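User: I would like to take a close look at a single part of this protein and see how that part is connected to its surroundings. Could you walk me through one strand carefully, in a connected answer?

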Amino acid sequence: MADTRILPNTPIEDSYETSPRTPPQSTTPRHSSLVQPSQKKKRKTKAFRVFRSVIRSFPIIAPTCKMGTLPIGLPEGYRGTSGSTRVTGTVFGYRKGRVSLSIQESPRCLPSLVVELAMQTNVLQKEMSSGMVRIALECEKRLEKDKTWILDEALWTMYCNGKKCGYGVKREASEEDLNVMELLKAVSMGAGVLPGNSEVEGTDGELAYMRAYFERVVGSKDSETLYMLNPDGSNGPELSIFFVRV
């Protein structure tokens, strides 16, 4: 049976196996204490959920990002602007499953955004070990009169460090997502493993996570960026996530 302890500061070991595995569903806490974010998002329709399931079946493929050169991260000494806010970001997933990104106003809030990325968790771990990861999520520009914000899109083409790797898909938070957020409610920053699929022995049954504060910078309705914030004086990995219309 899998270890049931939460280990916020346990290092995550890299895995190089790439065979796919479908993550099982966990049981949601019967009485969740997570609260609604200040701006509750509208629920998606059944048609959207069908469209999302079709997109998720697409293979992970891979040429180059249309954005050109991406900035590495926040400028040294950056202290935020009127167009930026601090949010809690969590990347998590089974080692051989696709990794997800959850954005919360705080660790005690329900997710305001969940995106399933076109990468397996062990692949992202390997990229993070190099010290710098830049993820671009692109979609086509809309008509000028269209007021849809970039984070309200359902689908983005995804690039990691300039290489196309498939599609990022926005989805409603699943029962398992909410269970993860509930377990990590007291964790503001850290990385480790959570109890996952007890039927699978070893590390394959563990759900790996990394949580940090992110600076959310809103450029316009066509551009938003999330910069991971390392503790002062820390030389940890850098992660930047760009949502942009091109």
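**A close look at strand 8**

Analyst: A useful residue to begin with is T85, which stands opposite R216 in strand 8. Please keep in mind that the model is predicted, and that what follows describes that model.

The pair T85 and R216 belongs to a longer contact, for strand 1, which covers residues 84–94, and strand 8, which covers residues 207–220, pair in the antiparallel sense over 11 bridges. Strand 8 also pairs with strand 7, made up of residues 190–194, and here too the sense is antiparallel, with five bridges; within these two strands, G190 of strand 7 stands opposite R211 in strand 8.

A further partner of strand 8 is strand 9, which spans residues 223–229, and these two strands pair in the antiparallel sense over seven bridges. If you follow the chain from strand 8 to strand 9, you pass through a hairpin that joins the two strands through two residues, and S220 of strand 8 stands opposite S223 in strand 9. As a general point for reading such strands, in a regular strand the side chains alternate between the two faces of the sheet.

To place strand 8 in its wider setting, note that the protein has three helices and 10 strands, and that along the sequence these elements follow the pattern α-β-β-β-α-β-β-β-α-β-β-β-β. Of the 246 residues of the protein, 43% count as buried, while the accessible surface comes to about 13,400 Å², with 52% of that surface belonging to carbon and sulfur atoms.

How values were computed. Residues are numbered from 1 along each chain as its sequence is written. This is a predicted model: local features need pLDDT of at least 70, side-chain atom pairs count only at pLDDT 80 or more; totals for chains, interfaces and linings use all residues. Side-chain values use heavy atoms; hydrogens and water are left out. Helices (H or I, at least four residues) and strands (E, at least two) are DSSP runs, numbered from the N terminus. Buried means under 20% relative accessible area, exposed over 50%, partly exposed in between (1.4 Å probe, protein chains only). Accessible areas come from the Shrake-Rupley method with a 1.4 Å probe; for residues, only the protein chains shown count as cover. Two strands pair if DSSP finds at least two bridges between them.
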